[in-house]
Amino acid sequence: MSASGEVGDLHVATVVINVSDMVRAVAFWRAALGYVPRESELDPEFMMLVDPHSRRIPVSLQRTDDRPSQPVRVHIDLYTSEQQRHVDRLLALGATPVEDWPYPPEADFVVLRDPDGNEFCVIDQPELSVITPHE
């Protein structure tokens, strides 16, 4: 493969979520993921939330006036070995269930929306909930 075709250091570094209310979004995603703000002061236009243990990729929040469009083109999947506990916790934090989702039989995921209306899934996949770094 030529040098121009090599991946090199290209990698996913953050996931960006468009939000209409930065304060609400920071509060929801901090509580949902246990992340902390990278910035020391609230920026109403852009905030990055990071794993305090540096084990997971960050989530960035970017303010927009646009509402989420349907169907969504990209969404976040959250993996866990405690799906129902986390679904209940996320609903208590302000997420809402997507009632009309066409779930297949034996679905291992639950589709929710964050307070801004962005869809995300909570996946019952304990074997994928831990990332093992490759050396």
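Visitor: When do two strands count as paired in a sheet?

Guide: Two strands pair if DSSP finds at least two bridges between them. This is a predicted model. In it, 4 strands form an open sheet in the order β1-β4-β3-β2, with mixed pairing.

Visitor: Which strands are the edges of that sheet?

Guide: An edge strand pairs on one side only. Here these are β1 (15-19) and β2 (36-37). Helix α1, residues 22-33, packs on the sheet. Helix α1 touches β1, β2, β3 and β4, and its direction makes about 165° with that of β4.

Visitor: How many bridges join β2 to β3, and in which direction do the strands run?

Guide: Look at the bridges between the two strands. There are 2, joining β2 to β3 (residues 46-50), and the strands run antiparallel. V36 has V50 in β3 as its bridge partner.

Visitor: What is the strand order in the other sheet?

Guide: Read the order across the sheet. Here it is β5-β8-β7-β6, again an open sheet of 4 strands with mixed pairing. Its edge strands are β5 and β6 (96-97), each pairing on one side only.

Visitor: Which strand is joined to β5 by 5 bridges?

Guide: That is β8, residues 119-124, and the two run parallel. As one landmark, D77 stands opposite C121 in β8.

Visitor: Where does helix α2 lie?

Guide: Check which strands the helix crosses, then its angle. Helix α2 (residues 83-93) lies across β5, β6, β7 (109-113) and β8. The helix runs at about 155° to β8.

Visitor: What pattern do the elements follow along the sequence?

Guide: Take the elements in chain order. The pattern is β-α-β-β-β-β-α-β-β-β, with 2 helices and 8 strands.

Visitor: Now a single residue. Where does T64 lie?

Guide: Place the residue between its flanking elements. T64 is in the loop between β4 (59-63) and β5 (76-80).

Visitor: Is T64 buried or exposed?

Guide: Buried means under 20% relative accessible area. T64 has 15%, so it is buried.

Visitor: What does T64 contact?

Guide: Set aside its neighbours within four places in sequence, and T64 is in contact with N18, V19 and S20. The T64 side chain also reaches the backbone nitrogen of D66, at 3.1 Å.

Visitor: What share of the whole protein is buried?

Guide: Buried residues make up 30% of the 135 residues. The exposed surface is about 9,100 Å², and carbon and sulfur atoms supply 54% of it.

Note on methods. Residues numbered from 1 in each chain as written. Predicted model: local features only at pLDDT ≥ 70, side-chain atom pairs only at ≥ 80, totals over all residues. Heavy atoms only, no water. Buried < 20%, exposed > 50% of the residue type's maximum accessible area, 1.4 Å probe, protein only. Polar contact = N/O pair within 3.5 Å; in protein donor to acceptor, adjacent residues only side chain to side chain. Contact = heavy atoms within 4.5 Å. Axes fitted to C-alpha atoms, helices over the stretch in contact; angles between N-to-C directions. Areas by Shrake-Rupley, 256 points an atom, 1.4 Å probe, with all protein chains shown as cover.
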